[in-house]
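Reader: Could you take me on a close look at one part of this model and then follow its contacts outward? I would enjoy one connected account rather than a list.

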Amino acid sequence: MYKINDNCVGCHNCFSECPVQAIEWVGTKYEIDPDICVSCGLCAKVCHTQSIYDTDAPDDVIYHDPVTMHADVVVAGCGSGLVAAVKAAQAGKKVICLEKAKVLGGNTDYAHGFFPVYSKWHEEAGMPDAREEAIEHFDKETDGILGKDVLRTAVYGTGEFFDWLCTLDDVHKYFRLVDLGSVDAHGPIYGSGLIEFKQRIKDNLNCRDDAIGPGWGGTYVKYTMLKTIKEQGLDVTILTEHAAKHLILDEKGAIAGVTAEDPGGTTTIYAPVVILATGGFGKSDEKIKEFKPWFFEGETKIHRFSVPTDTGDGIDMLRELGVEPVKSRLFVSMFGPKHHPFSNTLADIALEPEMLQVNLDGKRWVNEEGHLFGMTPLISKQPKEISYSIQSLDNIRMIAERFINNPAFASKKYLYETWYEELEDESRLDTPVKKGETIEELEKACGMPEGSLTETIRRYNEDCQKGADSEFGKGKAHMVPVSDKGPYYAIYGQRFSEASMGGLMVDGQCRVLRNDNTPIPGLYGVGDATSAMHRENALAVISELTWAVCSSYVSGRNAVNYIAEKEVD
Ligand SMILES: Cc1cc2nc3c(=O)[nH]c(=O)nc-3n(C[C@H](O)[C@H](O)[C@H](O)COP(=O)(O)OP(=O)(O)OC[C@H]3O[C@@H](n4cnc5c(N)ncnc54)[C@H](O)[C@@H]3O)c2cc1C
Ligand code: SF4
Ligand code: SF4
């Protein structure tokens, strides 16, 4: 019999794959209905977080005596860490990769894109080199907190990484360069051109929801690294279910190796370089409680996307050496209200400004023109931190058609075209969408006090007629009245957390620093395990995956240089 444990992150892959629709959403995760399941095992094959298990499967742990190994470089963590492994191995180094999970990829497998400011593609297209401008821009954006040294590594390193990636595969098949028309900030992108991932790699997945991987830029990097190891015959050994535990230092305080634990015993690897690419701490309740106690305040459990193995092990290893994380450089994400992790099509519709955001008291609570990030502090104050996004079918159709006919979404048109089926399907499930033929029926279905939603809509429609939102000042263009004619729908939204990031302070060479800012020789930090791009309550100014792949590339390259210098000494 198959079951789903609490590590499910709601990526929908099993749900889309099950041939008999035995998988349904319950609370904040999927569950298998044992009365419908035919034990085919397909769902377990597509589960990236290994959350689905066969209760009848035998215990396959192989117990062993302590093992000793030797390498030039150990990479702990096989998300973006695989980039460092390949880079170092290409220089002839013997690399051992430790991966705590049964599968490779970490959160990298979920992430959509990374964004070089300038690469050979930009150069060939005659686009201006905006890297110095970008450093200035990001420095200003972050009030100098990150430091230009690290920002320079991020901005130049990502371009170098991308140029290098182009030597490993026919990257043109997967990415395109989009001219943004001006040298400027475009979200986490600075410059004149966006390197965009063209289309999701679906493998065998039936999944139609493109909000969350696997299959985007991060997955592509993972596959390209694994392909390169094979094609170039690189000396890279990957040990899955091996969690790095303790760093070993020599008498001078330099890295001498690392110990790892697997279900069957321990392994000690002696190596002059360890690269910590162990990810963030998004699945560690203890660390989130310690660093951001407010996270668990509130009535509705916050859905978290991080893979179950991202528990901030880099922080633990550094703490053993007496190095504490800098709390102001840790980022615990929390966004909402979002219709996550249900239909992404409906999630997009729900946040359009013509919808009404209504709380469980049946009252509007926000100007719906606001951005999701700006709404988060406000949704946190609503009853149970829940909002329903409400409109009549006619108006939802109008919004859906706008998406369908928007040339910018041409590649996703097929997702929007099924909006009605998705709305109807979800209205038959427990949580995601409520439906009423009348407003009174909808109000009841949402559990709002009698008369509350009716009064909210009456007032809103009156404001629409006057052309002025008396409650929140929403713009006239978005004041679309709720029609007299039903049916009416309420799309559920709540807070979610993508990941929690940070821990290790690194310098521009990605060397891990002690609290006195001196580097620990031979120790490098990558991606979410580091605080390089993170500040309290603020997203990374360049995207998180951008820093992850870039810092991994830079760490792999610098590790090789470090070993060469050490050999000269
Ligand atoms: C749902 C989701 C969507 C996202 N979308 C985007 C996006 O679109 N754009 C973007 O820029 N960023 C995005 N991010 C963030 C991005 O995925 C991460 O910033 C990035 O992938 C981090 O890479 P990493 O290698 O540092 O960590 P990970 O990819 O998480 O890799 C860490 C690896 O280390 C392993 N590990 C942990 N502890 C140990 C140990 N002790 N020993 C050995 N192995 C260990 C883990 O199992 C994991 O495989 C998203 C994140 C999530 C969760
Ligand atoms: S993580 Fe994804 S595939 Fe795994 S159980 Fe949850 S929804 Fe299914
Ligand atoms: S084992 Fe097969 S039938 Fe059962 S839930 Fe998984 S995919 Fe569906």
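**A helix and the sheet beneath**

Author: Happy to, and let us begin at the end of a helix: just after α3, Gly 92 adopts a positive phi of about 90°. Please keep in mind throughout that this is a predicted model.

Helix α3 itself spans residues 81-90. Every position in it is covered, with 10 of 10 residues buried. That set runs from Gly 81, Leu 82, Val 83, Ala 84 and Ala 85 through Val 86, Lys 87, Ala 88, Ala 89 and Gln 90. Notice that Lys 87 and Gln 90 are among the buried residues.

What do the buried residues of α3 pack against? Their partners are the strands β6, β7, β10 and β14, together with the helices α7 (217-231) and α17. The helix lies across those four strands, β6, β7 (95-99), β10 and β14, and runs at about 170° to β7.

Now to the sheet itself. It is open and has 6 strands, ordered β10-β7-β6-β14-β24-β23, with mixed pairing. The edges are taken by β10 (236-240) and β23 (511-513); each has a single partner strand, so one side of each is left without a neighbour in the sheet. From one strand to the next, the twist averages 30°.

Within that order, β6 and β14 deserve a closer look. Strand β6 (residues 73-76) pairs with strand β14 (residues 273-276) in the parallel sense, over 4 bridges. One of the matches puts Val 74 opposite Val 274, its bridge partner in β14.

Which residues have the most contacts inside the largest nonpolar core? They are Val 74, Val 274 and Ile 275, in a core of 150 residues. The two valines are thus bridge partners as well as members of this trio. Helix α17 (residues 544-568) makes the largest contribution to the core, with 10 residues.

Ile 275 shows nicely how these pieces meet. Leaving aside its neighbours within four places in sequence, Ile 275 is in contact with Val 73, Val 75 and Ala 76, and β6 covers residues 73-76. Its contacts also include Gly 81 and Ala 84, two of the buried residues of α3. Ser 555 and Ala 559 are on the list too, and α17 covers residues 544-568. Tyr 524 and Val 526 complete the set.

Helix α17 also leads us to a ligand. It gives the most to the shell around ligand 1, with 4 residues. The elements that supply two or more residues to this shell are β7, β11 and α17, and β7 is one of the strands that α3 lies across. Of the 41 residues around ligand 1, those that come nearest are Gly 77, Gly 79, Gly 106, Gly 279 and Gly 527. By class, the shell divides into 17 nonpolar, 17 polar and 7 charged residues.

The mention of β11 opens the way to another sheet. This one is open too, with 4 strands in the order β5-β13-β12-β11 and mixed pairing. Its edge strands, β5 (67-70) and β11 (243-249), each pair on one side only. On average, neighbouring strands here are turned by 25° against each other, direction ignored. Edge strand β5 and strand β13 (residues 265-270) run parallel, with 4 bridges between them. There, His 70 has Tyr 270 in β13 as its bridge partner.

To round off the ligand picture, here are the other two shells. Ligand 2 is surrounded by 15 residues, the closest being Cys 8, Cys 11, Asn 13, Cys 14 and Cys 47. Helix α1 (residues 13-17) gives the most to that shell, with 3 residues. The classes there are 10 nonpolar, 5 polar and no charged residues. Around ligand 3 there are 14 residues, with Cys 18, Ala 22, Cys 37, Cys 40 and Cys 43 the closest. Its shell holds 11 nonpolar, 2 polar and 1 charged residues.

I will finish with a hairpin, where another glycine has a positive phi. Strands β8 (residues 175-186) and β9 (residues 189-197) run antiparallel and are joined by 8 bridges. Val 178 stands opposite Leu 194 in β9. The hairpin has 2 residues between its strands, and Gly 187 takes a positive phi near 65°. That makes a pleasant echo of Gly 92, just after α3, with its positive phi of about 90°.

Definitions and conventions:
Residues numbered from 1 in each chain as written. Chains lettered and ligands numbered in written order. Predicted model: local features only at pLDDT ≥ 70, side-chain atom pairs only at ≥ 80, totals over all residues. Pairing = 2+ DSSP bridges. Axes fitted to C-alpha atoms, helices over the stretch in contact; angles between N-to-C directions. Contact = placed C-beta atoms within 7 Å. Core = buried A, V, L, I, M, F, W, Y, C linked by C-beta atoms within 7 Å. Buried ≥ 20, exposed ≤ 12 C-beta atoms within 10 Å, placed from the backbone. Near = placed C-beta within 6 Å. Nonpolar A, V, L, I, M, F, W, Y, C, P; charged D, E, K, R; others polar.
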